[in-house]
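Visitor: I am new here. Please show me the structure, and let me ask how each label is earned.

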Amino acid sequence: MAGKGGLNEKLLSGDDADNAEAPHGAAAGAPSKKHSVKGVVLAAQATSYIRRRNLLIRQKSKADVFQKSPKSFFKGSRDMLCKSWLNSLLVSVPFALAIGAMELSPAATFITSCLAILPLAGLLGDATEQLASHTNETIGGLLNATFGNATELIVAIFALQKGLLNVVQVSLLGSILSNTLLVLGCSCIAGGLTAAQVKFNQVAAQANTTLLQIAILGLVVPTMMESVGQLSVHGTVDLLLSRTISCALLVLYLFYVYFQLFTHRAIFEADSKDSEEEEEEAEEVLLTLGASLGWLGGATVLIAFISEFLTGAIDEAAIEFGLSETFVGFVILPIIGNAAEHSTAIVMAAKGKMDLSFGVALGSSTQIALFVIPLLVLLGWAIDQPLDLYFGVYETVIVFLSTLIVSQVVADGETNWLEGIMLIFAYLIICLSFFFYHSAQE
């Protein structure tokens, strides 16, 4: 290695100086004592040399990792686009915009819009990570927490503006279940194929599942009150109760973010082995700050335009496909919006990094339940759309039972491929039921 000899000479020079200053006045008549003292000095010099050498090597390694400058815009963009095969679907973006603008077949609009949102959602996440690399860990965590479910939020906002309240509700519930059952199940299988029993961060997983159950409790309360005749759907009491609960859930979400990023950050971080293995990859900066903002803004604008076309075509496209609006919202939209995030979680699990995988799956579900749903209820209040927390008796019971299943899976801090298969079968059973289920609001 170039410069290695120079490094050794530099380190040894300090020891030579020490030797030059060593006393020479030892008695000539005590050779055994002289040799003993000389051995101690040599041992101390060797230890000092090793320590200084290791220190300089560590400093050089850290400098190589953390002082990587961003690449040029075109080279960095090329490397970012080549990271995932989903980005090959970006060719569908101009077709989706053209078909939506010309108001052609609703089915064609729906299909092309779904294909276009798949890669754009991944690009939004990549741009957020690149932007976070130019900030400190706290601000980076806040950026990831804010934009983690931006695609679902944008699609839901446009559906809310069009009055598609049922689509908004079932798509958000579908996002929760696709993360907690489908993605978590695939992650357990992928991790279980590498080891008989795979361990993960039990404290972080249980914190997420408990918060998720509390958020689902906010849906259960209006549903139960409606069932016992204490309120009417979209009535004054229902809307007041839903908006108050939504404010409470948003405050709880702020406490959760503070807990995750400040007081108990170490609980939600990956194991030290995973961190060491990923350090170089995680710290690689592909884009400058301006380029990161440009990609983030561009992806957000494109998702907004395509979401407008997508939500406008849902009703007629569902009729053409022979599917219910509930099935489209519960199964298709969540998978489209979360595909990039889903693939990341499964790939991490296949590499044995279960903490990261579980963090993606459970963290995303918690954010939707604690942040996205309450925020949309308050946005509906602002734009005079009566979105409430009454999601229907059947829908609420299904989600509540699913969270109980997930909490049992994560309770012991380890998993295997069989638990993954159980979660996937639970998801398939629920999807099958929604294929035949028609909401009262349709």
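Guide: What follows is a short round of questions and answers on this predicted model.

Visitor: What is the mean pLDDT of the chain, and how many of its residues reach 70 or more?

Guide: The mean is 79, and 77% of the residues reach 70 or more. pLDDT is the predictor's confidence, from 0 to 100.

Visitor: Which elements have the lowest and the highest mean pLDDT?

Guide: Helix α12 (residues 272-282) has the lowest, at 46. Helix α17 (residues 417-436) has the highest, at 93.

Visitor: Where does pLDDT stay under 50?

Guide: One such stretch is residues 7-31, with 16 contacts beyond four places in sequence. Residues 1-5 also stay under 50, and the model has two such contacts for them.

Visitor: Why is Trp85 called exposed?

Guide: Exposed means over 50% relative accessible area. Trp85 has 64%, so Trp85 is exposed. Trp85 sits in the loop between α3 (73-81) and α4 (92-102). Its C-alpha is 9.9 Å from that of Ala340, although the two are 255 residues apart in sequence.

Visitor: And why is Gln130 called buried?

Guide: The cut-off for buried is under 20%. Gln130 has 6%, so Gln130 counts as buried. Gln130 belongs to helix α5.

Visitor: What makes the pair of Gln130 and Leu287 a polar contact?

Guide: A polar atom of the Gln130 side chain lies 3.2 Å from the backbone nitrogen of Leu287. The limit is 3.5 Å, so the distance fits.

Visitor: How many salt bridges are there?

Guide: The count comes to two. One joins the side chains of Glu308 and Lys162. The other joins those of Asp79 and Arg78.

Visitor: What makes the pair of Glu308 and Lys162 a salt bridge?

Guide: The N to O distance is 3.0 Å. The cut-off is 4 Å, so the pair qualifies. Glu308 lies in helix α13 (residues 289-321), and Lys162 lies in the loop between α7 (150-161) and α8, so the bridge ties together parts that are 146 residues apart in sequence.

Visitor: Why are Glu308 and Lys162 called partly exposed?

Guide: Partly exposed falls between the 20% and 50% cut-offs. Glu308 has 32%, and Lys162 has 35%. Both values lie in between, so both residues count as partly exposed.

Visitor: How do you know that Asp79 and Arg78 form a salt bridge?

Guide: Their distance is 3.3 Å, N to O, and that is within 4 Å. Arg78 is partly exposed, at 47% relative accessibility. Asp79 is one of the buried residues of α3.

Visitor: Which other residues of α3 are buried, and how do you know that they share a side?

Guide: Gly76, Ser77 and Met80 are buried along with Asp79. They cover an arc of only 165° around the axis, which puts them on the same side of α3. Their cover includes α5 (106-132) and α13.

Visitor: What makes up the largest nonpolar core?

Guide: This core has 95 residues. Those that touch the most other members include Phe110, Leu177 and Phe330. Helix α8 (residues 165-192) gives the most, with 14 residues. A second, separate core has five residues, among them Met80 and Leu286.

Visitor: What does Leu177 touch?

Guide: Beyond four places in sequence, its partners include Leu182, Phe330, Ile398 and Tyr427. In soluble globular proteins, nonpolar side chains tend to be buried together.

Conventions:
Residues are numbered from 1 along each chain as its sequence is written. This is a predicted model: local features need pLDDT of at least 70, side-chain atom pairs count only at pLDDT 80 or more; totals for chains, interfaces and linings use all residues. Side-chain values use heavy atoms; hydrogens and water are left out. A nonpolar core is a set of buried Ala, Val, Leu, Ile, Met, Phe, Trp, Tyr and Cys residues joined through side-chain atoms within 4.5 Å. Buried means under 20% relative accessible area, exposed over 50%, partly exposed in between (1.4 Å probe, protein chains only). Helices (H or I, at least four residues) and strands (E, at least two) are DSSP runs, numbered from the N terminus. Contact means heavy atoms within 4.5 Å. The arc is that of the directions from the helix axis to the C-beta atoms. A polar contact is a pair of N or O atoms within 3.5 Å; within protein, one must be able to donate a hydrogen and the other to accept it, and residues adjacent in sequence count only if both atoms are side-chain atoms.
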